[in-house]
Amino acid sequence: MASKKAFITGITGQDGAYLARLLLRKGYEVHGLVRRSSSPNTGRIDGMLANRHWPDVRYCAHFGDMTDTMSLVRILDAVGPDEVYNLAAQSHVRVSFDMPEFTGDVNGLGTLRLLEAIRSLGLDKTTRFYQASTSELYGKVRETPQTETTPFCPRSPYAIAKLYAYWTCVNYREAYHMFAANGILFNHESPLRGDQFVTKKIVRGAVRIHNGSEEPIRLGNLDARRDWGHAADYVAGMHAILQHDTPDDFVLATGQCHTVRQWLEEVFRLLDRELVWQGQGLAEQGCDRKTGRILVTIDPAFFRPTEVELLCGSADKARSLLHWQPEYTFQSLIADMLDHELKEQ
Ligand code: NAP
Ligand code: GDD
């Protein structure tokens with residue numbers, strides 16, 4: 001039987017790299033959308049091509065951009081994918097306040113371009129479509145835990161663009177009977193997480209200190225609460241969503257919620273340092289209990305004009321219909337990221 005073909009936008013990002021590996025392991029032919037850039041942006045996926053354990057890797061990169069309709073049409077026409085995973089996005093919430101128009105174009109209209117390209121090419125009856133929706137849609141949360149029926153209340157240009165994409169996906173399912181599904185994913189991290197997200201920033205900063213740096217980690221809101229899981233578990237959920245017998249929307253979450261402060265404390269604990277807190281507000285500092293050295297300071301540059309204070313999801317629907325269950329815990333996720341960083345630096 002011919003192997004399935006998948007097209008992944010955002011393949012050079014954290015989730016794209018994990019998903020591509022998963023699909024290649026399952027025997028898929030994988031096609032990825034890659035943006036032209038003046039410096040290398042394929043570091044997360046280069047290893048796949050040179051993996052001697054998978055001698056028959058079938059992977060193909062295609063240059064294009066979510067803002068360039070014709071590039072999407074051309075690639076979809078050439079590939080004729082069974083499954084499309086739309087992971088491409090300007091994915092940083094803080095940055096979306098600085099670049100709201102670009103974020104809307106890529107995250108919102110980009111999704112429309114892709115769906116409309118599938119439809120115009122007559123692939124709507126054969127191609128299954130996954131949309132990378134987000135727990136940021138819940139924003140100023142109306143209930144906890146958040147589920148597939150919790151009302152959305154987005155609080156950033158990023159989340160507002162993703163709201164447009166979410167409903168576009170639902171509309172193409174209802175209007176054209178496409179297999180189009182949203183995964184509403186809560187935060188997921190990994191050793192491949194971008195350096196500007198808080199989890200990776202903390203792990204990198206703490207390992208630098210462990211290796212002798214005097215530079216404290218400068219952060220914004222330490223009291224934000226997130227439901228953090230591991231990207232490896234979440235890409236398995238994306239795949240399961242597209243294998244379900246009907247197109248539907250699913251929350252993927254761990255159901256466990258921690259503050260940024262708790263993430264910091266756990267990272268330093270694993271590096272044999274106990275963090276103690278002194279001062280308040282912008283003057284708050286995290287210090288090493290033994291030496292008194294300042295390890296964490298507050299920098300207003302990292303606060304957001306409107307913040308999402310609490311995200312905590314219930315993945316009951318995915319658990320019962322897809323049999324999806326995350327394997328990593330808060331502790332084993334941090335341990336994995338820390339192990340990797342200790343080897344890297
Ligand atoms: P990421 O690491 O920031 O990756 C984003 C990807 O999108 C990169 O491959 C990037 O390419 C690509 N991209 C950005 N703008 C593009 C454009 N104009 N045209 C083509 N490609 C473009 O994000 P991630 O953490 O893997 O997240 C994957 C998706 O899931 C995103 O849509 C994100 O919003 C969503 N999501 C993530 C989480 C999470 O916690 N990770 C949770 C819920 C939803 P370059 O490498 O060239 O920059
Ligand atoms: N990035 C960052 N940098 N965040 C900080 C910092 C800092 O220095 N200090 C505190 N934070 C707080 C943020 O204010 C936020 O409340 C929390 O840490 C998490 O921030 P991020 O790691 O940037 O992630 P996010 O929750 O805003 O967004 C991520 O998860 C979403 C799903 O809920 C991204 O991956 C989004 O693309 C994704 O949709």
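Which strands does helix α7 (residues 198–210) lie across, and at about what angle does α7 run to β8? In this predicted model, α7 lies across β8 and β15, and its direction is at about 155 degrees to β8. The strands concerned offer a convenient way into the architecture, beginning with the sheet to which they belong.

That sheet is open and has four strands, arranged in the order β8-β15-β14-β13 with mixed pairing. Its edges are formed by β8 (217–219) and β13 (275–278), each of which pairs on one side only. Direction ignored, neighbouring strands of this sheet are turned by 20 degrees against each other on average. Within the sheet, strand β14 (residues 285–288) and strand β15 (residues 294–298) pair in the antiparallel sense, with three bridges between them. Here G286 stands opposite V296 in β15.

The loop between α7 and β8 contains S213. The side chain of this serine, S213, reaches the backbone nitrogen of E215 at 3.0 Å. When neighbours within four places in sequence are left aside, S213 is in contact with R208 and R293.

Helix α9 also meets the four-stranded sheet: α9 lies across β8, β13 and β15, and runs at about 140 degrees to β13. A helix partner for α9 is found as well. The axes of α9 (residues 260–270) and helix α11 (residues 330–344) come within 10 Å and cross at roughly 60 degrees, which makes α9 oblique to α11. The crossing of these two helices, α9 and α11, is right-handed. On the α9 side, the contact is made by Q262, W263, E266, V267 and L270, while α11 contributes F330, Q331, L333, I334, A335, M337 and L338. By class, the residues of the contact of α9 with α11 comprise nine nonpolar, two polar and one charged.

Attention now turns to another sheet. Seven strands form this open sheet, in the order β3-β2-β1-β4-β5-β6-β11, and their pairing is parallel. The edge strands are β3 (59–63) and β11 (250–252), each pairing on one side only. Neighbouring strands of this sheet are turned against each other by 20 degrees on average, again with direction ignored. At the β11 edge, strand β6 (residues 179–185) and β11 pair in the parallel sense over three bridges. One residue pair can be picked out here: I184 has V251, in β11, as its bridge partner.

Helix α5 (residues 100–120) packs on the seven-stranded sheet, where α5 touches β1 (5–9), β4 (83–86) and β5 (128–134). The direction of α5 makes about 170 degrees with that of β5.

Finally, α5 has a helical neighbour. The axes of α5 and helix α6 (residues 157–176) come within 8 Å and cross at roughly 15 degrees, so α5 is roughly parallel to α6. The crossing in which α5 passes α6 is right-handed. Residues of α5 that meet α6 include P100, T103, G104, N107, L112 and R119. Among their counterparts in α6 are P157, Y158, K162, Y164, C169 and Y176. Sorted by class, the contact of α5 with α6 has twelve nonpolar, six polar and three charged residues.

Key: Residues are numbered from 1 along each chain as its sequence is written. Chains are lettered from A and ligands numbered from 1 in the order in which they are written. This is a predicted model: local features need pLDDT of at least 70, side-chain atom pairs count only at pLDDT 80 or more; totals for chains, interfaces and linings use all residues. Side-chain values use heavy atoms; hydrogens and water are left out. Axes are lines fitted to C-alpha atoms, for helices over the stretch in contact, and angles run from 0 to 180 degrees between N-to-C directions. Angles under 35 degrees count as roughly parallel, over 145 as roughly antiparallel, 65 to 115 as roughly perpendicular and the rest as oblique. A crossing is left-handed if the near helix is turned anticlockwise from the far one by less than a right angle, and right-handed if clockwise. Contact means heavy atoms within 4.5 Å. Ala, Val, Leu, Ile, Met, Phe, Trp, Tyr, Cys and Pro count as nonpolar, Asp, Glu, Lys and Arg as charged, and the others, Gly among them, as polar. Two strands pair if DSSP finds at least two bridges between them. A polar contact is a pair of N or O atoms within 3.5 Å; within protein, one must be able to donate a hydrogen and the other to accept it, and residues adjacent in sequence count only if both atoms are side-chain atoms.
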